[in-house]
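Here are my notes for your reading of this structure. Please keep the picture open beside them and go through the points in order.

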Amino acid sequence: MKKIILFAVLICNVFIANAQEIKPKKFYLDTIHVKGRILNIDGSVIPDLYIKTTSQDTILQNSVINARVDSLGYFAINGIKLNDIFTINTGYEEFKIINDGSRFITITLDTFKNTTLDTTSLTVTAKRLKARKKVKYMVSSYLICEYPSLNNPASYPSGKKAFYDFIYKQLIYPDQAIKKNIEGKVVVKFSINKAGNVFNPRILNGIGYGCDAEAIRVISLSPKWRPQIANSRPIVSDAIVEVLFKLED
């Protein structure tokens with residue numbers, strides 16, 4: 001009996017010794033914290049939204065990281081991959097948005113495209129109290145010519161690609177952003193007046209560290225555009241351009 005107990009104690013000591021040799025592994029993930037806002041295409045807030053990502057909560061689990069959008073459309077989601085995919089479910093449709101390393105992102109969803117409109121008309125009738133007046137027409141000998149009205153959107157003279165080439169040649173990656181390892185997408189909205197001049201550039205989605213200011217600086221240098229034409233007359237219009245700041249390894 002003593003021999004059996006001694007043998008069992010020796011076996012336990014061997015297992016304990018082997019267990020002490022196993023060292024826990026450390027995993028290092030390149031992650032970022034992201035804040036943002038989700039709005040409808042008309043600027044309204046979409047209630048009761050959840051947003052999730054393809055990132056895993058830990059490297060050993062399969063649960064994704066998710067967050068709830070507040071009553072003003074804002075959300076915060078921490079510890080996700082640098083280039084991640086956001087999945088947003090409205091209850092009627094699922095949207096997938098790619099984040100190019102931005103720490104703050106404004107997401108606009110078009111939830112109206114799946115709305116079915118009832119085109120059935122409702123007719124309300126009533127008895128006319130006064131007889132309809134008869135319209136008299138007079139024919140003259142004058143010839144009246146009417147030209148069709150022109151309607152064209154604002155455009156860069158050499159095309160969209162030429163505008164992007166202009167931005168690429170002028171743009172300088174800010175040193176501050178390079179030192180802080182900052183990259184992401186800057187979205188700029190600007191206006192085009194009746195003469196085709198670019199004015200009032202403003203940031204819709206920025207990443208800071210000099211990138212927003214640099215994007216505005218370059219767009220302010222833009223040559224003249226062809227203004228938007230509505231009913232054969234030039235009008236003031238807006239345009240949006242996305243500038244992606246990306247560091248190469």
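1. L72, Y74 and F104 together make a nonpolar surface patch of about 270 Å², where a patch joins nonpolar side chains (Val, Leu, Ile, Met, Phe, Trp, Tyr) within 5 Å, from residues with over 30% relative accessible area and no salt bridge, that is, no side-chain nitrogen of Lys or Arg within 4 Å of a carboxyl oxygen of Asp or Glu. Areas come from the Shrake-Rupley method with a 1.4 Å probe.

2. The model is predicted, so local features need pLDDT of at least 70 and side-chain atom pairs pLDDT 80 or more, while totals for chains, interfaces and linings use all residues. Residues are numbered from 1 along each chain, and side-chain values use heavy atoms, without hydrogens or water.

3. F104 lies in strand 7, a strand being a DSSP run of E with at least two residues, numbered from the N terminus. F104 is partly exposed, with a relative accessible area of 33%, because that term covers values between buried (under 20%) and exposed (over 50%).

4. Strand 7 belongs to an open sheet of three strands with the order 4-1-7 and mixed pairing, in which strand 4 (74-81) and strand 7 (104-109) are the edge strands, each pairing on one side only. Two strands pair if DSSP finds at least two bridges between them.

5. Strand 1 (residues 31-40) and strand 7 run parallel and pair over six bridges, and N40 has L109 in strand 7 as its bridge partner.

6. For the whole protein, 27% of the 249 residues count as buried.

Methods. Buried means under 20% relative accessible area, exposed over 50%, partly exposed in between (1.4 Å probe, protein chains only). Helices (H or I, at least four residues) and strands (E, at least two) are DSSP runs, numbered from the N terminus. Patches are made of residues with over 30% relative accessible area and no salt bridge: like charges are joined within 9 Å, nonpolar side chains (Val, Leu, Ile, Met, Phe, Trp, Tyr) within 5 Å.
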